[in-house]
Amino acid sequence: MEDSTRDGPTLMSVRDDLIRQEDTIVFSLIERAKYPRNCNVYSTSFLSEIGDVVESPSLIDLFVKESEDLHAKIGMYDNQAEVPFFPHDLPKPIFTPQNQAHLSFLNPVASASANVSKLIWKMYLEQLLPLLTQEGDDGNYASTLACDLLCLQALSKRIHYGKFVAEVKFRAAPDDYSFHIRNKNSDALMELLTFEKVENIVKARVENKGRLFGHNISLHDGEEDGYKVDPCLFSHLYGEWVIPYTKLVQVDYLLHRSLT
Ligand SMILES: O=C(O)C(=O)C[C@]1(C(=O)O)C=C[C@@H](O)C=C1
């Protein structure tokens with residue numbers, strides 16, 4: 001947890017973490033929008049066409065996988081909030097921090113089961129990038145990949161934070177949640193964990209952040225200021241994908257949470 005009180009995280013502290021993560025998401029998407037689409041980065045035929053390798057993952061596959069291997073070595077995935085896109089054969093951490101108290105908040109079985117990485121990956125590449133970037137290719141593949149990694153990690157962390165939200169909600173009302181968990185009633189769980197008012201506030205706030213962080217400031221009177229990214233994109237992103245995926249994570253987590 002980024003912010004936990006002495007007695008462990010609360011719904012308020014987890015929501016504060018989510019608010020802080022909005023900044024990271026909005027900033028990283030604005031950074032990615034500096035570059036055009038650069039489709040070669042995502043193409044599985046690009047590397048084989050230029051003849052460098054026989055089997056050809058895309059550049060994004062390669063870059064994210066290699067980055068995650070490096071991050072695993074410094075213990076990134078010991079943190080339950082971080083979920084790798086390529087979880088197989090990750091190297092072991094090369095050191096163990098002394099204070100590991102923050103690592104045991106979630107139910108391990110439920111935490112391992114709640115995973116929407118594939119959905120996030122597909123949404124980012126197929127739906128978000130076409131809305132965020134202009135078509136074109138400026139050859140800046142390394143910078144594009146570096147931005148993509150930050151965006152993907154920020155989105156994944158925010159969405160998988162649903163595990164923490166679910167755990168604090170469960171602990172605050174164990175009887176209500178246990179009843180639906182026992183009955184494997186995902187619709188009732190979804191209803192119980194949904195706060196429409198909060199969702200509307202979140203969407204309005206990220207749109208405002210997009211307006212504030214992406215504001216192009218002109219120095220000349222009469223010149224339109226404009227935005228680096230249309231601010232509505234951020235509320236759209238949250239309304240269509242980020243919040244629904246976070247709720248999927250919460251339901252999946254709860255369905256797999258032991259009740260003892
Ligand atoms: O704040 C909560 O209670 C959450 O569960 C998080 C969240 C969100 O993803 O922003 C998801 C579901 C709720 O309806 C409201 C907001």
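In this predicted model, the side chain of Thr 246 reaches the backbone oxygen of Val 242 at a distance of 2.6 Å. Thr 246 belongs to helix 11, and, with a relative accessible area of 4%, this residue is buried. A second interaction of the Thr 246 side chain is a polar contact of 2.8 Å with the side chain of Arg 158. When neighbours within four places in sequence are left aside, the contacts of Thr 246 are with Arg 158, Ile 159 and Gly 162. The pairing with Ile 159 brings together positions that are 87 residues apart in sequence, their C-alpha atoms being 4.5 Å apart in space.

Arg 158 is also found at the ligand, where Arg 15, Arg 158, Lys 169, Phe 195 and Glu 199 come nearest of the 14 residues around it. Oxygen atoms of the ligand are approached by both side-chain and backbone atoms of the protein: a polar side-chain atom of Arg 15 lies 2.6 Å from a ligand oxygen, a polar side-chain atom of Glu 199 lies 2.5 Å from a ligand oxygen, and for Phe 195 a backbone N or O atom lies 2.7 Å from a ligand oxygen. The ligand taken alone exposes 350 Å², of which the protein buries 99%.

Lys 169, one of the residues that come nearest to the ligand, is among the buried residues of helix 7. This helix spans residues 162–172 and is largely enclosed by the rest of the structure, because 9 of its 11 residues are buried. The buried residues are Gly 162, Lys 163, Phe 164, Val 165, Ala 166, Glu 167, Val 168, Lys 169 and Phe 170. Their cover includes helix 1 (11–32), helix 4, helix 6 (141–160), helix 8 (174–182), helix 9 (186–193) and helix 11. Gly 162, listed among these buried residues, is also a contact of Thr 246.

The largest nonpolar core comprises 61 residues, of which Leu 29, Leu 155, Leu 237 and Leu 254 touch the most other members. Helix 11, residues 232–255, gives the most to this core, with 12 residues. Apart from residues up to four places away in sequence, Leu 254 touches Ala 166, Phe 170, Tyr 177, Ile 181, Leu 189 and Leu 193; of these, Ala 166 and Phe 170 are buried residues of helix 7. According to an unreviewed UniProt entry, the annotation "domain: Chorismate mutase" covers residues 143–250. Over that range the chain is 77% helix and 0% strand, and the end C-alpha atoms are 34 Å apart.

Helix 5 (residues 117–132) contains Leu 131 as well as Ser 117, and the two residues differ in accessibility. Ser 117 is buried, with a relative accessible area of 6%, whereas Leu 131, at 48% relative accessibility, counts as partly exposed. Beyond the residues up to four places away in sequence, Ser 117 touches Val 83, Pro 84, Phe 85 and His 160. Leu 131, with neighbours within four places again left aside, is in contact with Leu 233, His 236 and Trp 241. By contrast with these contacts, Leu 131 and Pro 91 are 40 residues apart in sequence and 35 Å apart in space, C-alpha to C-alpha.

The loop between helix 3 (59–73) and helix 4 (108–113) contains Glu 82 and Asp 89. Glu 82 counts as buried, at 14% relative accessibility, and the side chains of Glu 82 and Lys 157 are joined by a polar contact of 3.2 Å. Outside the four places in sequence on either side, the contacts of Glu 82 are Met 76, Tyr 77 and Lys 157. Asp 89, by contrast, counts as exposed at 73% relative accessibility, and has a positive phi of about 60° although it is not a glycine.

Most residues other than glycine have a negative phi. A positive value, of about 55°, is likewise found at Asn 38, which is not a glycine. Asn 38 is placed in the loop between helix 1 and helix 2 (46–49) and is buried, with a relative accessible area of 0%.

Key. Residues are numbered from 1 along each chain as its sequence is written. This is a predicted model: local features need pLDDT of at least 70, side-chain atom pairs count only at pLDDT 80 or more; totals for chains, interfaces and linings use all residues. Side-chain values use heavy atoms; hydrogens and water are left out. Helices (H or I, at least four residues) and strands (E, at least two) are DSSP runs, numbered from the N terminus. Buried means under 20% relative accessible area, exposed over 50%, partly exposed in between (1.4 Å probe, protein chains only). A polar contact is a pair of N or O atoms within 3.5 Å; within protein, one must be able to donate a hydrogen and the other to accept it, and residues adjacent in sequence count only if both atoms are side-chain atoms. Contact means heavy atoms within 4.5 Å. A nonpolar core is a set of buried Ala, Val, Leu, Ile, Met, Phe, Trp, Tyr and Cys residues joined through side-chain atoms within 4.5 Å. A residue is near a molecule or strand if one of its heavy atoms lies within 4 Å of it. Accessible areas come from the Shrake-Rupley method with a 1.4 Å probe; for residues, only the protein chains shown count as cover. UniProt positions are given in the numbering used here, feature names are shortened, and annotations may be inferred rather than shown by experiment.
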